[in-house]
Amino acid sequence: MRYFQLLIVLLVLLMVSCEMEELPKSEVSKDPVFNTEAGLELYSNSFYNVLPSAQDIYLGDDMSDYIASNSIDQFLTSSYGPNQASGWSWSELRNINFFIANCNDEAVDLAVREHYLGLARFFRAFFYFEKVKRFGDVPWIGRVPSIDDTDLLYAERDSRTLVMDSVLADIDYACEHISTDSDASGSTVTQWVAYALKSRICLFEGTFRKYHDELGLQATSEFWLQEAVASAKEIMDNSSYSLNTSGDADMSYRNLFISNKPVTEEVLLAVVMSQELGILHAANWKYTSPTYGVKSSLTRTFVNTYLTLDGTPFTSETGYETMAFAEEVKERDLRLKQTIRLGDYKRIHGGQEIPAPPTFGYVLTGYQPIKWVLDDTYYDLRDYNDNSVAVFRFAEVLLNYAEAKAELGALTNEDWAATIGALRARAGITGGLDQLPDQVDSYFQTNYYPDINDPVILEIRRERGVELVMEGFRFADLIRWKRGELMKINWRGFYVPALDIPMDLNEDGIDDVIFVNQVPNPLPDVSYEFVQVSETINGEPNPQRLTNGTSGELTWLDNIPRVWTDRNYYYPIPEEDVLMNPNLNQNPGWE
């Protein structure tokens, strides 16, 4: 069977190539693929390359405001330009369009063909959505270009309105015609995944048009937000998905990210791993290696936004500014301890559980991620991870629904309880679950969204950040809210009360780290790490400092300026593509 499948895949690739090069049709027949349901199914498997990889998701927020890393992304420096740009690739679209153009053989039942056309149009909608997020206006290509099809080869960019209306038509067709409504493996696109994608697309587009008034499309934002509400509500009312609340409340959230099989109670679609097939990823390696990863670390400004268990802002507590790590993480939203290393976190080494406080060999701020990390150190050595990686979760659907309704000014107490309240209840929060908030959290507003005065929208944005952190949503959220300026925010770590005093981060009676102006040589035989926070090291500026010199919050890379202007709301088109197509205008500011 494997040989037959391989033969069909090779035949498909040859067929597409021949079609593009206009070779004689007799050389390759489309019949083995397009005149049987099995052929359509096999071809449709190639569409999944459009989806993000596991690494795209679990490292997706490395480009965000609330993740510090070992370097500043080049996109945020003055040295970035069209020469460094990428992403203007259309091969996956050609593959999808070829299928759509040829899925018309009446030997296959009409309903079956429509199902697979629905899948193809789902992936075309996904493909174009990603292109619009990255580049703004792009050419809409709805057919397979031939080798001399100059209209398409030298196409101008179409308007955002035309492209996004076409995307909406595609995803609507997918929602209506994909016949699969369940998948025990959590690895294939179903009708509900299509509705989830629609809610994601429509929320993005509705809020983008609302907050980017320079487009002149604000009058159309309400339509897109209503579509987001309707598609999310369809899943909430008619599917079997719900929030995973099984097991210990200290693990019900994290289990979604470390489980080998997708937790299909909540996960609609995942990238599934297999030890047997050697399909694995490298989350442990990325997050626990001092050299292979980028030392992704949450920032204190963001960690401060996690509520206390009674539902009140942590930053309302007296003295939060100078609270040490071991104290500030207590009695907080349970997602915090399931996202970063806290006091009771342990790893497994050689079959034995060992305490595992944050370690500065791997973390820059003290807030060390564990969301995607398997606890056994075996997985740290290279790409050994076999935990599945969610692409769509019911939690996102709830957030999409709540935000879209709030932006429309229509969110009710009942809606709040079913969405934000439900998410917070899973996280152990007890207060504010049934009533819309009526007080603005000044810390959150000032640090993140000073132009937003609606406490409901502010709290939904807080919840979105906390629930979806490290799942690759954040940069796109900042773009659509027109808050790209947050990409310039200084990266801050936990508070250090004084130099030369060892700190016990997990309160197990063993000191873990000491901050000093000079690391002793030779190192003494002690349990703790030394972190040097002097102004310079060997004559070079030290990227790791304290805000007050001898005390204060940790800082990281404050010495490197970051750039953000309006041009950064879109990536530039790669220079070689602009040169190849004289009708392709560069994005403003990147000329």
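Colleague: What phi does G136 take just after helix 6?

Modeller: G136 takes a positive phi of about 80°. This is a predicted model, in which local features need pLDDT of at least 70, side-chain atom pairs count only at pLDDT 80 or more, and totals for chains use all residues. Residues are numbered from 1 along each chain, and side-chain values use heavy atoms, with hydrogens and water left out.

Colleague: How do you know what span to expect of helix 6?

Modeller: The expected span is 1.5 Å times one less than the number of residues. Helix 6, residues 110-135, has 26 residues and reaches 36 Å from its first C-alpha to its last, close to the expected 38 Å. A helix here is a DSSP run of H or I with at least four residues, and a strand is a run of E with at least two, numbered from the N terminus.

Colleague: What makes helix 6 mostly covered?

Modeller: Buried means under 20% relative accessible area, with a 1.4 Å probe and protein chains only. In helix 6, 19 of the 26 residues are buried.

Colleague: Why is one side of strand 7 and of strand 12 left without a neighbour in the sheet?

Modeller: The open sheet has three strands in the order 7-13-12, with antiparallel pairing. Strand 7 (491-496) and strand 12 (544-546) stand at the edges with a single partner strand each, so one side of each has no neighbour in the sheet.

Colleague: What makes strand 7 and strand 13 a pair?

Modeller: Two strands pair if DSSP finds at least two bridges between them. Strand 7 and strand 13 (residues 552-556) have four, in the antiparallel sense.

Note on methods: Buried < 20%, exposed > 50% of the residue type's maximum accessible area, 1.4 Å probe, protein only.
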